[in-house]
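Here's a walk through a protein model, one piece at a time. Keep the 3D view open while you read, and look for each part as it comes up.

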Amino acid sequence: MKTIFKTITVAMGLALLMPGISGRAQVYADSSTQLDKYLVPVTTPTAAPDAQGFLGRWMLLEPISKPNRSNTVFVDSYIREAFAVQYFKGQLGDVLPKDGDKIKVTVEYQPPVNLQGGRPMGFGMEAPKYEQKKVTLKWHAFDSKMPNVKLFRFATNLTEDRYGVIFWACTVVNCEEDIPNVRLAVGSNSASMWWVNGEEAVILSGDRRRVMDDAASQRLTLKKGRNVIWGAVINGPGMSDFCCRFIDEAGKPVKNITLSTK
Amino acid sequence: MKTKNILLAGAFALFGLTAAAQVGAPYIHDPSTIMECDGKYYTFGTGGGGLISADGWVWESGAVRPGGGAAPDAIKIGDRYLVGYSATGGGLGGGHAGRILTMWNKTLDPNSPDFAYSDPIEVAHSEVDEDCDAIDIGFLMDPNGRLFCTFGTYFGNIRMVELDPATGARKEGAKDIDVAIDCEASSMMYQDGWYYLLGTHGTCCDGANSTYNIIVGRSRSPFGPFLDNLGRDMLQGGGKMVVAAEDRRFGAGHFGRFVVEPGVEKMSFHWEADLDLSGRSTLAIRPIIWKNGWPEAGEILDNGTYKILSRRRGYALELTVDFVRAAGGMRGFGRQANEPVVKVENQKLEEVIGGWPEGNIDVRANDYMARPHQKWTIEAVPEAGGYLGGPYYKIVIEGTNRALAAAGGQELVTVPEFSGADEQLWKIEQLTDGTWRIAPKAIPGCHHPEKFCLYSVADSTPTLAKFDFNNDNAKWDIKLVK
């Protein structure tokens with residue numbers, strides 16, 4: 001039995017292409033969790049959105065520890081306050097950090113999760129006091145191999161933190177001409193905020209699941225040249241990720257753009 | 001029994017309840033799909049045990065399921081019941097090693113000499129840190145006799161795998177398939193060539209702050225992809241709402257389907273919190289309505305005053321009494337436009353009731369004219385028990401105790417005073433097309449009243465006849481009088 005689960009195969013066969021549906025083949029379960037199943041280092045100057053318009057190229061900062069025992073605390077005011085903290089220079093700025101850049105930040109230190117434990121926290125239990133600790137976190141330039149950006153596996157593969165965290169992400173959307181009347185459409189696990197060219201565009205509060213096009217910005221114009229997108233995702237216990245794309249008036253993906261990390 | 005009835009009646013009175021909640025002691029979390037066994041209904045919950053009901057409306061603890069763990073499901077295959085559960089309890093903030101087990105029983109009645117579970121066998125599991133947490137099993141037997149189960153939680157993917165319906169074990173060579181993400185309490189059902197995958201989104205286990213809600217996608221294949229009404233793949237978070245919170249009940253989760261008969265379907269789930277029942281997690285049962293190929297929760301009829309309109313013609317059920325002309329009669333055409341506007345009152349009961357016979361009065365159907373003899377107050381009768389997912393109701397003319405009753409010979413009548421007799425009690429269920437079936441609890445002289453319902457034998461003539469979902473004569477619209 002275990003061999004079935006151990007098999008490290010994502011079979012994207014041709015079986016069961018049924019009429020009237022999307023044509024995606026069935027996805028066999030894959031128990032592997034190594035990073036390159038989800039994210040691979042950037043190796044090209046630019047990347048295109050995927051077939052559905054999802055933005056896959058991002059600068060990702062290793063998670064900032066922010067202990068939370070439940071996601072129900074992520075009301076609007078809470079996440080605005082959490083994301084207003086200046087963790088690093090150039091936060092929300094026009095210049096992106098470089099792959100490998102490091103920041104130092106003081107966080108509430110959480111010991112590594114005991115994976116052999118069951119559900120470790122009951123509702124209503126008082127949160128423990130956390131030790132303040134200065135940590136060094138690193139920026140990484142990654143291309144996602146999936147429509148979503150699996151922050152959780154980014155964290156579990158590269159750091160000790162996985163729950164009770166804040167992730168920062170940024171990318172550049174390059175346009176050959178102005179593209180008016182588009183919207184940034186986002187889904188995230190859990191709450192998140194998103195900015196386009198320095199302006200707040202989307203807020204997703206509450207105990208969120210990642211749903212494509214869960215919320216969208218008001219109409220905006222992607223200007224000719226560089227457009228800088230920032231996002232921040234916060235999670236307590238849960239499997240952090242996000243998906244972002246631009247959609248037009250008809251809800252169709254905007255694909256005449258490229259992505260870069262400079 | 002009498003004490004229980006008094007308590008039920010008291011609960012309705014104390015809280016001004018509608019009929020929207022199961023009664024008795026319906027406390028459960030993660031209820032399995034309701035099973036019927038030897039005339040009783042059963043559902044199992046997280047932690048072991050479960051509920052039993054003799055009528056589907058009044059529930060008490062007493063079902064027996066060994067193994068503990070979380071979120072069971074059940075399905076009847078042949079003359080046996082296959083019960084599945086998770087040996088583990090999920091680990092949203094910790095590890096995610098899970099095991100899905102199945103076991104058989106010939107009966108669900110713990111007092112039966114045949115009651116004995118087989119040894120549980122593992123059909124699926126998850127490793128400690130893979131993108132799945134193997135709990136929350138849901139079964140489906142499709143029309144081809146293939147047995148599937150889904151499982152998983154918010155931690156990664158919902159998966160499905162084919163089982164062997166003869167053994168309840170994993171089918172030889174079957175592989176797990178990812179079908180959705182970020183759900184809990186998944187379940188599948190089949191309808192008209194579509195496979196439906198249901199999952200629960202939102203926050204679990206937080207009482208009245210639980211945002212749990214049940215969503216659905218569908219596919220022509222049991223293996224997906226399951227797309228929502230916008231074409232979004234459930235692996236990308238897609239899902240169309242099936243049932244969410246009500247005004248006094250929050251956190252709908254853990255779907256199960258029960259087909260009573262063609263056109264009459266129920267969904268079971270739990271409320272994370274029912275504010276009328278101490279905010280506890282309770283069993284919920286609602287009709288399933290199918291709209292354009294999508295399931296959604298129907299209603300348990302609230303107490304209120306309604307017009308009852310036949311689907312056959314659209315005529316309203318009324319007393320067979322004189323039509324009395326109302327104020328606001330013909331005033332001629334071409335009147336001056338500048339005369340003051342006045343509000344003309346509807347005809348009132350006291351204007352006409354004196355002309356009605358004092359004894360029994362027949363009923364018929366006629367043009368709805370908002371007259372007192374066409375307005376029916378429908379109220380649950382808590383002490384009368386109920387049926388799967390609903391209480392019995394009395395149907396009386398508004399402002400009176402004149403009650404609709406089944407009469408001998410499978411006909412209808414109204415009696416001047418509601419007495420609580422079985423022939424004056426009505427089962428009122430929303431059908432899968434959103435219309436209603438109105439059926440008597442008893443018919444004088446009829447030994448098998450359960451098949452009979454309010455029926456239009458002619459446009460103006462209601463009677464009692466056998467229910468047929470494919471016949472508009474057997475269906476009614478029930479609309480609030482405003």
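Start with a hairpin in chain B: β28(B) and β29(B) form it, with three residues between them. One residue in the turn, Gly409(B), has a positive phi of about 75°. Bear in mind that this is a predicted model, so every value here is computed from it.

The two arms of the hairpin are β28(B), residues 403–407, and β29(B), and they pair in the antiparallel sense over five bridges. One of the pairs to look for is Ala407(B), whose bridge partner in β29(B) is Glu411(B). As a bit of background, strands of a sheet pair through backbone hydrogen bonds, either parallel or antiparallel.

Now follow the side chains along β29(B), residues 411–415. Which of them point to the buried face? Leu412(B) and Thr414(B) do, while Glu411(B), Val413(B) and Val415(B) point to the other face and are not buried. That is the pattern you'd expect, because side chains in a regular strand alternate between the two faces of the sheet.

Elsewhere in chain B, four strands make an open sheet in the order β18-β19-β20-β21, with antiparallel pairing. Why do β18 and β21 of chain B each have one side without a neighbour in the sheet? They stand at the edges, β18 at 249–261 and β21 at 294–297, and each has a single partner strand, so nothing in the sheet flanks the other side. Neighbouring strands of this sheet are turned by 30° against each other on average, ignoring direction. Inside the sheet, β19 (residues 264–274) and β20 (residues 280–291) of chain B pair over seven bridges, in the antiparallel sense. Find Met267(B) and you'll see Arg286(B) of β20(B) opposite.

Chain A has a strand worth a look too. Strand β14(A), residues 241–247, is mostly covered, with six of its seven residues buried. Strand β8(A), residues 179–189, pairs with β14(A) in the antiparallel sense over seven bridges. In that pairing, Val186(A) has Cys244(A) in β14(A) as its bridge partner.

Here's how the chains look as wholes.

| Chain | Residues | Buried residues |
|---|---|---|
| Chain A | 262 residues | 42% |
| Chain B | 482 residues | 54% |

Chain A has three helices and 15 strands, and chain B has two helices and 34 strands. Among contacts with a separation of 6 or more, residues 24 or more positions apart account for 79% in chain A and for 54% in chain B.

As for overall dimensions, the C-alpha atoms of chain B fill a box of roughly 80 × 60 × 40 Å along the principal axes. Its radius of gyration is 25 Å, which agrees with a compact globule of 482 residues, because such a globule would have a value near 23 Å.

Finally, look inside. The largest nonpolar core has 146 residues, and those with the most contacts inside it are Phe167(A), Leu184(A), Cys149(B), Ala180(B) and Leu197(B). Strand β7(A), residues 165–175, gives the most to this core, with eight residues. Leaving out residues up to four places away in sequence, Cys149(B) touches several others, including Val123(B), Ile137(B), Phe139(B) and Met160(B). There's also a second, separate core of 47 residues, which includes Ala384(B), Ala405(B), Leu464(B) and Trp476(B).

How values were computed. Residues numbered from 1 in each chain as written. Chains lettered and ligands numbered in written order. Predicted model: local features only at pLDDT ≥ 70, side-chain atom pairs only at ≥ 80, totals over all residues. Pairing = 2+ DSSP bridges. Axes fitted to C-alpha atoms, helices over the stretch in contact; angles between N-to-C directions. Buried ≥ 20, exposed ≤ 12 C-beta atoms within 10 Å, placed from the backbone. Contact = placed C-beta atoms within 7 Å. Rg over C-alpha atoms; globule rule 2.2 N^0.38 Å. Core = buried A, V, L, I, M, F, W, Y, C linked by C-beta atoms within 7 Å.
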